[in-house]
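Biologist: I would like a close look at one part of this model, namely the aromatic rings and the helix packing around them. Please take me through it step by step, and then set that part against the rest of the chain.

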Amino acid sequence: MADIDTASTRADGGVRSIARAVDVLELFDVEHSTRTLRELVAHTALPKTTVVRLISTLEALGLIADRGDSTYGLGAGFLRWVALSQAMWEISSQARQIMTRLVDTCGETANIYIRQDLNRVSIAQVEGTTTVRSVVEVGVPYALAAGAAAKILLTGAPDHVVRALAEIRPDIQLESLSREIASIREAGYAVTHGERELGASAVAAPIVASDGRVVAALSASGPTSRFTADRVGRYVDAVTAAATEISAAGLGSVEVFL
């Protein structure tokens, strides 16, 4: 029994160390390409000695680089994974062409989102043609509870995912959310205004696999001021048609992960 307990403790500690290392790495983004040691300690709320050990390990693995003044950035070790990840998650050229035609039709930014646990992530984006447009970061998780694409993804999510959302979000009532999802599933599209971000609107439709599963959501998003009643009607037609086209063509090799 003692050996089992020791093994369990080591496993828990190992998992915790990995989670803490990921917490450190996630503090680097487009707006924060470098971080000071003080920032890393403050944002992780970990003891300084723990953060220093994590940085040392990540630096040895080439995942963090030290500028020499207690300022750190992502290491060159990520380069091989970036290229591999881009290749594995790239949608088919046909799917991207359909997205581009959608942008030409609507003028709004098009994204393809997938569900990852209780988040949604854009895996492909074609920016809108207007000066003021909606742009999200590809690969960055956004809440699954808000936005047209999120609601579409929820139409294909298991019941336990919907329940989990209601449990972690006190502002969400399970019955109300379930009714909304059922209504969107029947309509075949979703329209939201200001749910994810004030002043931003979106129209989304499901991308369906050959077995009938909702594997992704195609959205067109932009400033709410442009999403007038007459335009929304046109956007709905364009987005649902494009989503149907992509469903028939397939997303490419990335679909095996969905």
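Modeller: Happy to! Let's start with W89, which is partly exposed, at a relative accessible area of 24% (buried means under 20%, exposed over 50%, and partly exposed in between, using a 1.4 Å probe and protein chains only). Please keep in mind that this is a predicted model, where local features need pLDDT of at least 70 and side-chain atom pairs pLDDT 80 or more, while totals for chains, interfaces and linings use all residues. Residue numbers run from 1 along each chain as its sequence is written, and side-chain values rest on heavy atoms, with hydrogens and water left out.

For aromatic pairs, the rings of Phe, Tyr and Trp (its six-membered ring) must have centres within 6.5 Å; planes under 30 degrees apart are called stacked, over 60 edge-to-face, and the rest tilted. That rule gives 3 aromatic pairs. One of them joins W89 to F257 in a stacked arrangement, 5.3 Å centre to centre with 25° between the planes. Distant parts of the chain meet here: W89 belongs to helix α4 (residues 78-89), F257 to the segment after α9, and their positions lie 168 residues apart. Helices here are DSSP runs of H or I of at least four residues, strands are E runs of at least two, and both are numbered from the N terminus. Like its partner, F257 is partly exposed, at 42% relative accessibility. The pair of F227 and Y235 is edge-to-face, because its ring centres are 4.9 Å apart and its planes stand at 75°. Both F227 and Y235 are buried.

Y235 also leads us into the helix packing. Helix α5 (residues 93-106) and helix α9 (residues 229-249) have axes that come within 9 Å and cross at roughly 170°. Axes are lines fitted to C-alpha atoms, for helices over the stretch in contact, and the angles run from 0 to 180 degrees between N-to-C directions. The two helices are therefore roughly antiparallel (over 145 degrees; under 35 is roughly parallel, 65 to 115 roughly perpendicular, and the rest oblique). Y235 is one of the α9 residues in the contact, along with A238, V239, A242, E245, I246 and A249, while α5 brings Q94, A95, I98, M99, R101, L102, T105 and C106. Contact means heavy atoms within 4.5 Å. By class, this contact has 11 nonpolar, 2 polar and 2 charged residues; Ala, Val, Leu, Ile, Met, Phe, Trp, Tyr, Cys and Pro count as nonpolar, Asp, Glu, Lys and Arg as charged, and the others, Gly among them, as polar.

Rings also meet charges. The charged end of R80 sits over the ring of W81, 4.6 Å from the ring centre, and the charged end of R120 sits over the ring of Y113, at 4.7 Å. The rule asks for NZ of Lys or CZ of Arg within 6 Å of the ring centre and within 35 degrees of the ring normal.

Now for the rest of the chain. The protein has 9 helices and 9 strands, and buried residues make up 40% of its 258 residues. Among the buried ones is L40, at 0% relative accessibility, which lies in helix α2. Leaving out residues up to four places away in sequence, L40 touches V24, L27, F28, R35, V51, I55 and Y72.
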